[in-house]
Amino acid sequence: MRRFLTQREKRALLALMNGGVMRENLDSIAGCSNGPALVAGLRSKGLSIPCERVERYDKDGNACYPGRYSLKPEDRVLALEWLGGSHG
């Protein structure tokens with residue numbers, strides 16, 4: 001079943017189809033200021049979109065653990081269907 005997607009959701013899914021996306025990058029890719037809310041909306045439509053915590057270092061050299069979103073194989077199948085089957 002094809003779902004209605006906003007332009008932001010489409011941009012996010014297209015990026016996620018190419019691999020994992022860091023949370024802070026998702027905002028600029030999708031054109032929003034709250035990537036986690038965007039992902040929550042996609043999850044409410046049926047995608048799982050896991051968020052893996054990855055070690056990074058902030059400007060002061062302290063370890064931090066921002067999230068990286070990705071698609072599971074079953075998410076990719078749905079996303080491809082929702083995007084019209086022309087991406088991948």
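A salt bridge here is a side-chain nitrogen of Lys or Arg within 4 Å of a carboxyl oxygen of Asp or Glu. Lys45 and Glu9 fit that description, with their side chains meeting at 2.7 Å, N to O. Please keep in mind that this is a predicted model. Searching the whole structure turns up 3 salt bridges, and this briefing walks through them before turning to how helix H1 packs against H2 and H4.

**Salt bridge Lys45–Glu9**

- This pair links distant parts of the chain, 36 residues apart.
- Lys45 sits in the loop between helix H3 (35-44) and strand E2 (51-53), while Glu9 belongs to helix H1 (residues 7-17).
- Are these two partners buried or exposed? Lys45 has a relative accessible area of 18% and is buried; Glu9, with 6%, is buried too.
- The cut-off for buried is under 20% relative accessible area, so the 18% of Lys45 falls in that class.

**Salt bridge Arg23–Asp27**

- The closest N and O atoms of Arg23 and Asp27 are 2.7 Å apart, and the two form a salt bridge.
- Both residues lie in helix H2 (residues 23-30), with their positions 4 residues apart in sequence, about one turn of the helix.
- As a reminder, an α-helix has 3.6 residues a turn, so residues three or four places apart point the same way.
- Arg23 is partly exposed, at a relative accessible area of 26%, whereas Asp27 is buried, at 15%.
- Which residues does Asp27 touch, leaving out those up to four places away in sequence? They are Cys32, Ser33, Asn34 and Gly35.

**Salt bridge Arg68–Glu52**

- The side chains of Arg68 and Glu52 come together in a salt bridge of 2.9 Å, N to O.
- Arg68 is in strand E5 (residues 67-69) and Glu52 in strand E2, so this pair ties together parts that are 16 residues apart in sequence.
- Both ends are partly exposed: Arg68 has a relative accessibility of 28%, and Glu52 has a relative accessible area of 42%.

**Helix H1 and what covers it**

- Which residues of H1 are buried? They are Glu9, Ala12, Leu13, Ala15, Leu16 and Met17.
- The cover over these buried residues includes strand E1 (21-22), H2, H3, E5 and H4.
- Glu9 thus appears in two roles, as a buried residue of H1 and as the salt-bridge partner of Lys45.

**H1 against H2**

- Two packed helices are described by the angle between their axes and the distance between the axes.
- For H1 and H2, the axes come within 9 Å and cross at roughly 130 degrees, which makes H1 oblique to H2.
- The crossing of these two helices is right-handed.
- On the H1 side, Arg8, Arg11, Ala12 and Ala15 take part, meeting Leu26, Ile29 and Ala30 in H2.
- By class, this contact has 5 nonpolar, no polar and 2 charged residues.

**H1 against H4**

- The axes of H1 and helix H4 (residues 73-82) come within 10 Å, crossing at roughly 135 degrees, and that makes H1 oblique to H4.
- What is the handedness of the crossing of H1 and H4? The crossing is left-handed.
- Leu13, Leu16 and Met17 in H1 meet Arg76, Ala79, Leu80 and Trp82 in H4.
- The residues of this contact divide into 6 nonpolar, no polar and 1 charged.

**Backbone points to look at**

- Most residues other than glycine have a negative phi, and most peptide bonds are trans.
- Ile49 is not a glycine, yet has a positive phi of about 40 degrees.
- Ile49 is found in the loop between H3 and E2, where Lys45 of the first salt bridge also lies.
- Ile49 is buried, with a relative accessibility of 0%.
- Gly19, just after H1, also takes a positive phi, of about 135 degrees.

**Thr6, ahead of H1**

- Thr6 is in the segment before H1 and counts as partly exposed at 33% relative accessibility.
- How far apart are Thr6 and Asp27? They are 21 residues apart in sequence and 14 Å apart in space, C-alpha to C-alpha.

Technical notes
Residues are numbered from 1 along each chain as its sequence is written. This is a predicted model: local features need pLDDT of at least 70, side-chain atom pairs count only at pLDDT 80 or more; totals for chains, interfaces and linings use all residues. Side-chain values use heavy atoms; hydrogens and water are left out. Buried means under 20% relative accessible area, exposed over 50%, partly exposed in between (1.4 Å probe, protein chains only). Axes are lines fitted to C-alpha atoms, for helices over the stretch in contact, and angles run from 0 to 180 degrees between N-to-C directions. Angles under 35 degrees count as roughly parallel, over 145 as roughly antiparallel, 65 to 115 as roughly perpendicular and the rest as oblique. A crossing is left-handed if the near helix is turned anticlockwise from the far one by less than a right angle, and right-handed if clockwise. Contact means heavy atoms within 4.5 Å. Ala, Val, Leu, Ile, Met, Phe, Trp, Tyr, Cys and Pro count as nonpolar, Asp, Glu, Lys and Arg as charged, and the others, Gly among them, as polar.
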